[in-house]
Amino acid sequence: MKRKVGDVSESSGTPDEAESATLRIAVHWALSGEALAVVCLPSQASVADLLAALPLDAGELPRLQAVFGGCLLHRAEPLGAVHGLAEEAALGLVRQAPFVALGSTEGALGVAWDPETNVRSKTISSQGLLHSATFSDDGSLLLAGYSNGVSKVYSFETGRCSETFIARCGIVLAVSFSACRQFCMTGNENGTTKIWNMGSGTCTKTLARHSGPVYAAALSRSLDVALTGASDETAKLWSQRS
């Protein structure tokens with residue numbers, strides 16, 4: 001009989017043997033911290049077995065990745081072989097973005113590339129030279145940065161622009177979404193980084209202590225810390241509470 005999520009398997013051995021042979025793992029979404037399910041599986045079961053036991057549509061399984069101790073777990077790896085999992089009994093889950101965002105300075109093309117089939121999936125055209133692009137975690141939004149200091153948010157399904165952010169700080173070299181999709185960041189050629197409110201389209205904060213162009217920018221899940229990296233060979237952590 002197929003084991004259901006939350007079932008505790010039975011064993012003919014002693015209670016100590018049964019406990020050592022069975023793992024009770026609490027699974028949560030790694031980005032939001034939201035609890036998903038508690039799964040009971042034998043220690044020899046693989047990560048793939050755990051993913052298959054989750055209360056999710058089968059179509060989602062190819063995009064799921066299990067995370068523990070800051071590392072992605074291989075699907076064939078036995079759960080009992082994951083160091084520390086038995087003691088902590090908690091495991092994170094992330095969704096891989098279905099496509100890779102590629103930018104082209106020729107023809108102003110934003111390209112969504114399917115890494116599984118290695119073919120172009122969709123092209124989003126716009127005015128301006130595209131220098132940076134990224135997807136939201138769920139793959140529904142594309143954020144693009146242009147040479148004229150403008151960044152735009154596109155719906156991946158329709159290809160339409162839903163929001164425009166005007167910084168005018170030189171080329172937008174880095175773009176990123178917050179995990180909650182309420183904010184985004186743009187790293188600029190003049191060494192500044194801007195945090196934008198996705199709902200209002202306004203700049204909520206400007207970070208300006210790099211002496212060179214900013215090539216990487218990200219917000220923590222809690223939104224209280226930002227990380228930037230620039231050509232001045234420095235990476236900076238910023239407190240959003242100060």
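This briefing walks through the sheets, the core, a hairpin and a few standout residues of the structure above. Keep in mind that the model is predicted. One open sheet has five strands, and another open sheet has three. The largest nonpolar core has 22 residues, and β1 gives the largest share of that core.

**The five-stranded sheet**

- Reading across this open sheet, the strand order is β2-β1-β5-β3-β4, and the pairing is mixed.
- β2 (35-42) and β4 (71-72) are the edge strands, and each of them pairs on one side only.
- Strand β1 (residues 22-29) runs antiparallel to β2, and seven bridges join the two.
- To find that pairing in the model, look for Ile25, which stands opposite Val39 in β2.
- β1 also pairs with β5, this time in parallel, through four bridges.
- Ala26 is a handy marker here, as its bridge partner in β5 is Ala90.
- Strand β5 (residues 90-95) is joined to strand β3 (residues 64-68) as well, with four bridges and an antiparallel run.
- In that pairing, Val67 sits opposite Gly92 of β5.
- As background, strands of a sheet pair through backbone hydrogen bonds, and they do so either parallel or antiparallel.

**The largest nonpolar core**

- Which residues have the most contacts inside the largest nonpolar core? They are Ile25, Leu50 and Leu79, in a core of 22 residues.
- β1, β2, α2 (47-52), β3 and β5 each supply at least two residues of this core.
- The largest share comes from β1, with four residues.
- Ile25 therefore turns up twice in this tour: it is among the core residues with the most contacts, and it is also the residue facing Val39 of β2.

**The three-stranded sheet and its surface patch**

- This open sheet has the order β17-β18-β19, with antiparallel pairing.
- β17 (214-219) and β19 stand at the edges with a single partner strand each, so one side of each has no neighbour in the sheet.
- Ignoring direction, neighbouring strands of this sheet are turned by 20° against each other on average.
- Strand β18 (residues 225-230) and β19 run antiparallel and are joined by five bridges.
- Within that pair, Ala226 stands opposite Trp238 in β19.
- Val225, Leu227 and Leu237 make up a nonpolar patch on the surface, and together they have about 270 Å² of accessible area.
- Leu237 of this patch belongs to strand β19 (residues 235-239).
- Is Leu237 buried or exposed? Leu237 counts as exposed because its relative accessibility is 67%, and the cut-off for exposed is over 50%.

**The β13-β14 hairpin**

- All six of the six residues in strand β13 (residues 172-177) are buried, so this strand is largely enclosed by the rest of the structure.
- β13 pairs with strand β14 (residues 183-188) in the antiparallel sense, over five bridges.
- Phe177 stands opposite Cys184 in β14.
- The hairpin has five residues between its strands, and Arg181 takes a positive phi there.
- Phe183 is part of strand β14, and this residue counts as buried because its relative accessibility is 19%, where the cut-off for buried is under 20%.
- Phe183 and Gly201 are 18 residues apart in sequence, and their C-alpha atoms are 9.2 Å apart in space.

**Two residues with a positive phi**

- Most residues other than glycine have a negative phi.
- Arg181 is not a glycine, yet its phi is positive, at about 65°.
- You'll find Arg181 in the loop between β13 and β14, where it is partly exposed with a relative accessible area of 35%.
- Leu223 also has a positive phi, near 70°, and is a residue other than glycine.
- Where does Leu223 sit? Look in the loop between β17 and β18.
- Leu223 is partly exposed, and its relative accessible area is 26%.

Technical notes: Residues numbered from 1 in each chain as written. Predicted model: local features only at pLDDT ≥ 70, side-chain atom pairs only at ≥ 80, totals over all residues. Heavy atoms only, no water. Buried < 20%, exposed > 50% of the residue type's maximum accessible area, 1.4 Å probe, protein only. Pairing = 2+ DSSP bridges. Patch = residues over 30% accessible without salt bridge, like charges linked within 9 Å, V, L, I, M, F, W, Y side chains within 5 Å. Areas by Shrake-Rupley, 256 points an atom, 1.4 Å probe, with all protein chains shown as cover. Salt bridge = Lys/Arg side-chain N within 4 Å of Asp/Glu carboxyl O. Axes fitted to C-alpha atoms, helices over the stretch in contact; angles between N-to-C directions. Core = buried A, V, L, I, M, F, W, Y, C linked by side-chain atoms within 4.5 Å.
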